[in-house]
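Q: Could you take me through one part of this model at close range? I would like to see how its charged pairs, its helices and its enclosed spaces fit together.

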Amino acid sequence: MEHSANKKFGLMALTGMVVGSMIGAGIFSLPRTFGGATGVVGAVIAWGIAGGGMYTLARVFQSLAERKPDLDAGVFAYAKAGFGDYLGFLSAFGYWIGSCIGNVSYWVLIKSTLGAFFPVFGDGNTVTAIAAASVGIWLFHFLILRGVQQAAFINAVVTVAKVIPILLFIVVLLFAFKLDLFRSNLWGAQGSGGASLFEQVRLTMLVTVFVFLGIEGASVYSRYASRRSHVGVATLIGFVCALVLMVLVSLLPYAVMAQGDIAALRQPSMAGVLSAVAGPWGAIFISAGLLISVLGAYLAWSLICAEVLFAASKNRDMPRIFARENKNGVPAAALWLTNIIVQLFVISTYWSNDAFALMLSLTSAMSLIPYFLVAAFGFMLARRGETYEGAAGRNRDLVLAGIAAFYTAFMIYAGGLKFVLLSALLYAPGSALYYWARREQGQRLFTGFELAVFVVAWIGCIAAIIGLVRGWIAI
């Protein structure tokens with residue numbers, strides 16, 4: 001892309017993309033999500049698993065960025081290189097549609113935040129809320145059409161602006177820390193109906209995945225990096241910064257409120273916690289920070305969504321139309337399809353009981369399959385010794401990729417069958433785009449293994465439709 005040849009991203013900008021992608025809607029919802037599921041001990045275990053698992057995944061991204069510099073199309077390029085064209089497509093499609101659903105959760109949270117001050121917005125899924133979100137979607141759409149670099153600059157400004165209220169929240173809670181209250185919230189069994197510790201931890205797992213989505217923000221933008229080595233470093237720096245903030249935001253409320261009270265807060269629950277400690281100004285301050293943060297994250301993820309479709313099309317995994325750019329170098333067709341899908345999902349929230357929780361869990365479930373394929377590809381490379389001259393680092397990478405693959409597989413299990421089936425509901429019809437792309441290229445549609453995967457996806461899709469119609473699957 002000629003327009004960006006003299007506008008490459010340095011280490012700071014790439015790190016900003018990672019932090020900007022990760023610190024979005026999720027962090028502001030953590031207190032209630034953890035308070036409703038577990039106590040301090042369960043939360044620490046959940047973050048230990050999530051932090052360890054996502055660290056190994058970040059290391060796999062870092063290793064692959066260095067060992068396979070030619071695969072610069074992002075997450076799904078690794079799936080294609082390791083497992084063939086159809087799984088490469090599914091990875092690209094799953095990552096893209098998961099990101100679209102993530103963008104929907106941002107609008108739901110924005111409207112829910114405003115709902116605390118203007119009841120007409122309710123919990124973010126009233127008719128007024130949906131109409132307002134729709135206006136927002138298309139305002140952002142036309143802003144991004146003006147140019148990716150311009151939008152990346154806005155993201156850098158917003159990343160700084162949104163970290164300030166989070167840091168203030170942490171400082172205020174540290175000063176208000178009550179050790180006896182923290183101790184009484186240690187085990188948390190009372191607040192979750194006496195559920196076992198394993199069950200308490202399992203209930204928080206999809207949320208921990210959601211808040212780490214964006215860990216590959218630098219990887220997606222690798223073609224803009226001024227130096228290839230910056231991609232891996234930015235991923236690790238961004239990961240550590242985000243992890244520290246998220247652990248503190250989810251643990252400190254246990255020291256200022258009873259677990260049951262935290263669980264009863266409305267989203268965004270960070271506002272409710274600060275309001276309980278510091279009075280009404282706390283809710284207003286956090287709500288303002290949340291609006292800046294979420295709008296910034298929405299911008300970052302809109303860029304990533306369009307970039308994924310564009311790169312997949314360049315990589316011949318999606319129809320050619322999505323590789324077209326406008327005069328500002330923005331993949332316009334990719335952006336139009338992305339925002340049409342976001343619009344449809346926003347309308348669908350009208351029929352959901354807890355639209356934010358549903359979108360959050362579904363985003364995580366859709367993103368886990370692409371993550372699993374990345375980890376599996378890293379494991380395959382290390383096991384074969386491909387790109388490893390001599391044995392330096394090979395065993396280490398083998399272990400890290402093995403743990404990352406196990407972690408992502410466990411997350412899919414922890415999310416439950418409901419979200420696997422809902423994923424199939426999107427993956428199976430989405431394969432029409434693969435058919436379109438293969439027709440354009442005059443390529444064979446499936447190998448035997450790929451056909452089996454396609455059939456399984458459709459079985460899951462049909463099961464999901466029956467489950468929704470019969471009421472076995474509640475949304």
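What follows is a walk around one region and its surroundings.

A: Happy to. Please keep in mind that this is a predicted model. A good place to begin is Asp397, and the walk then goes outward from there.

Asp397 sits in helix 17, which covers residues 394-415, while Arg67 belongs to helix 3, residues 40-67. The side chains of these two residues form a salt bridge, with N and O 3.6 Å apart. Because one partner is in helix 3 and the other in helix 17, the pair ties together parts that are 330 residues apart in sequence. The two ends of this bridge differ in how they are covered: Asp397 is buried, at 7% relative accessibility, whereas Arg67 is partly exposed, with a relative accessible area of 25%.

Asp397 has another partner, too. A salt bridge also joins the side chains of Arg396 and Asp397, at 3.2 Å from N to O. Arg396 is partly exposed, its relative accessibility being 46%. Through shared partners, the salt bridges bring Arg67, Arg396 and Asp397 into one network. In general terms, side chains of opposite charge can pair when their charged atoms come close. The count of salt bridges for the model is five.

Now look along helix 17 itself. Its 22 residues should span 32 Å at 1.5 Å a residue, and the C-alpha atoms at its ends are indeed 32 Å apart, so the two figures agree. Asp397 is one of the buried residues of this helix. Further along, the buried residues of helix 17 include Leu400, Ala401, Ala404, Ala405, Tyr407, Thr408 and Met411, with Ala414 and Gly415 among them as well. What covers them? The cover over the buried residues of helix 17 includes helix 3, helix 9 (197-212), helix 16 (355-384) and helix 18. Helix 3, then, supplies Arg67 to the salt bridge and is also part of that cover. Just after helix 17 comes Gly416, which takes a positive phi of about 100°.

The same neighbourhood holds an enclosed space. The second largest cavity has a volume of about 70 Å³, and both Arg67 and Asp397 are among the residues that line it. The elements giving two or more residues to this lining are helix 3, helix 16 and helix 17. Helix 3 gives the largest share, five residues. Other residues in the lining include Arg59, Val60, Ser63 and Leu64, along with Gly378, Leu381, Ala382 and Tyr388. Leu400 and Ala401 line this cavity and are also on the list of buried residues of helix 17. By class, the lining of the second largest cavity has seven nonpolar, two polar and three charged residues.

How does that compare with the largest cavity? There are three cavities of 30 Å³ or more, and the largest holds about 130 Å³ of space. Its lining is made up of 18 residues, with Tyr106, Phe210, Leu213, Trp301 and Thr363 lying nearest the centre. Helix 1 (11-22), helix 5, helix 9 and helix 16 each supply at least two residues of that lining, and helix 5 has the largest share, five residues. Nine nonpolar, eight polar and one charged residues make up the lining of the largest cavity.

Helix 5 leads us to another charged pair. Asp85 forms a salt bridge with Arg438, the closest N and O atoms being 3.0 Å apart. This pair links distant parts of the chain, with Asp85 in helix 5 (residues 85-115) and Arg438 in helix 18 (residues 417-441), 353 residues apart. Asp85 is partly exposed, at 25% relative accessibility, and Arg438 is buried, at 8%. Leaving aside neighbours within four places in sequence, Arg438 is in contact with Asp85, Gln443, Arg444 and Leu445. Helix 18, where Arg438 is found, also takes part in covering the buried residues of helix 17.

One last stop is helix 14 (residues 280-314). Its 35 residues reach 51 Å from first C-alpha to last, close to the 51 Å expected at 1.5 Å a residue. Helix 14 is mostly covered, with 26 of its 35 residues buried. Just after helix 14, Arg316 takes a positive phi of about 70°.

Definitions and conventions. Residues are numbered from 1 along each chain as its sequence is written. This is a predicted model: local features need pLDDT of at least 70, side-chain atom pairs count only at pLDDT 80 or more; totals for chains, interfaces and linings use all residues. Side-chain values use heavy atoms; hydrogens and water are left out. A salt bridge is a side-chain nitrogen of Lys or Arg within 4 Å of a carboxyl oxygen of Asp or Glu. Helices (H or I, at least four residues) and strands (E, at least two) are DSSP runs, numbered from the N terminus. Buried means under 20% relative accessible area, exposed over 50%, partly exposed in between (1.4 Å probe, protein chains only). The expected span of a helix is 1.5 Å times one less than its number of residues. Contact means heavy atoms within 4.5 Å. On a 1 Å grid over the protein atoms alone, a cavity is a set of points where a 1.4 Å probe fits but cannot get out, and a pocket is an open set with protein on both sides within 12 Å along at least five of seven lines; lining residues have an atom within 4 Å of a point. Grid points are joined across faces, edges and corners, and a volume is the space filled by probe spheres set on the points. Ala, Val, Leu, Ile, Met, Phe, Trp, Tyr, Cys and Pro count as nonpolar, Asp, Glu, Lys and Arg as charged, and the others, Gly among them, as polar.
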